[in-house]
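Reader: I would like to learn how to read a few features of a model, one at a time. Could you take me through them?

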Amino acid sequence: MRLVLLGAPGSGKGTQAARLKEHLQVPHISTGDLLRAEVAAGSKLGLEAKGVMARGELVSDAILLGMLEDRFSRSDTSNGFILDGYPRNLAQAAALDGLLGRMKQSFDYAVKLRVATELLVERIAGRAKAEGRADDTPESVRTRLQIYNNQTAPVIDYYRQHGQLTVVDGVGSLDEVFTRILEAISSGHEVG
Ligand code: B4P
């Protein structure tokens, strides 16, 4: 199974991807996690990304594509993957098409988790308290939501127009949302 998980910050992509990985036995590729690992390692790329991420802005498309090419070159992606956090703009969507095309692959579903903005803000505020992630400050969250609406929403329309989009209601318990995603990818229909 090859899945692309889409949704606003706080919609539960990372949370559900971790469960889907166990269930589907395919790697979870989170561009946010890959970037945070670079930041933690203090690499050149990490130093470049650190400030950009803390402000809630998008790291450059070129860095992301290089990182993704590197990750997809590993053999564990040959049976499938769950891509979480990419693409976040139309240029990245085109880059993903190109990358998968070169590997003679495509994805099965782009699954969008739908959650109202008030709830997103509430969830991220909860995580800020629990984990203190550098980009979960109110200013950064505002920027992330703005970027999502301006740059990522067109990606969702793009996949919808190409008949590749499945929308899942992301509100409910973790188990409920997980079950809806599994139903959606087995039926190919919107759930919730
Ligand atoms: P990400 O790591 O992708 O962060 P995110 O969008 O906030 O989503 P995340 O997966 O962490 O949270 P989730 O919704 O699961 O990106 C971070 C930064 O990296 C970006 O801002 C950008 O700077 C950079 N970046 C990443 N990809 C990039 C790209 N392609 N191009 C450029 N830059 C890029 O969960 C949020 C919270 O909600 C959690 O606390 C969770 O416990 C809670 N939650 C989840 N499901 C819930 C539910 N059903 N009910 C209640 N709470 C729930």
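Author: Gladly; let us begin with the ligand, which sits in the largest pocket. On a 1 Å grid over the protein atoms alone, a pocket is an open set of points with protein on both sides within 12 Å along at least five of seven lines. A molecule sits in a pocket if more than half of its atoms lie within 2 Å of its grid points. This is a predicted model: local features need pLDDT of at least 70, side-chain atom pairs count only at pLDDT 80 or more, and totals for chains, interfaces and linings use all residues. Residues are numbered from 1 along each chain as its sequence is written, and side-chain values use heavy atoms, with hydrogens and water left out.

Reader: Which residues come nearest to the ligand?

Author: A residue is near a molecule if one of its heavy atoms lies within 4 Å of it. Here 28 residues surround the ligand, and G12, T31, R36, E57 and R144 come nearest. The helices α1 (13–24), α2 (31–41) and α6 (117–131) each give at least two residues to this shell, with α2 providing the largest share, 4 residues. Helices are DSSP runs of H or I with at least four residues, strands are runs of E with at least two, and both are numbered from the N terminus.

Reader: Where are the polar contacts with the ligand?

Author: A polar contact is a pair of N or O atoms within 3.5 Å. A polar backbone atom of G12 is 2.6 Å from an oxygen atom of the ligand. For T31, a polar side-chain atom lies 2.8 Å from a ligand nitrogen atom, and for R127 a polar side-chain atom lies 3.0 Å from a ligand oxygen atom. On its own the ligand has 1,000 Å² of accessible area, of which the protein covers 88%; such areas come from the Shrake-Rupley method with a 1.4 Å probe.

Reader: Is R144 buried or exposed?

Author: Buried means under 20% relative accessible area, exposed over 50%, and partly exposed in between, using a 1.4 Å probe and protein chains only. R144, in helix α7 (residues 138–161), is buried because its relative accessible area is 12%. Leaving aside neighbours within four places in sequence, R144 is in contact (heavy atoms within 4.5 Å) with P9, G56, I124, R127, R133, D135 and D136. S140 is also placed in α7 and, at 2%, is buried too. With the same neighbours left aside, S140 has contacts with M53, A54, R55, G56 and D135.

Reader: What does L96 touch?

Author: L96 belongs to helix α5 (residues 90–102) and is buried, with a relative accessible area of 1%. Not counting residues up to four places away in sequence, L96 touches V4, L83, Y86, P87, F107 and Y159. Two of these residues share a notable bond: the peptide bond from Y86 to P87 is cis, with omega near 5 degrees. P87 lies in the loop between β3 (81–84) and α5.

Reader: How should I read a cis bond or a positive phi?

Author: Most residues other than glycine have a negative phi, and most peptide bonds are trans. Q25 is not a glycine, yet has a positive phi of about 55 degrees. Q25 lies in the loop between α1 and β2 (28–30) and counts as exposed because its relative accessibility is 62%. K104, not a glycine either, has a positive phi of about 55 degrees. K104 is found in the loop between α5 and β4 (109–114) and is exposed, at 76%.

Technical notes
Polar contact = N/O pair within 3.5 Å; in protein donor to acceptor, adjacent residues only side chain to side chain. 1 Å grid on protein atoms, 1.4 Å probe; cavity = no way out; pocket = protein on both sides within 12 Å on 5 of 7 lines; lining within 4 Å.
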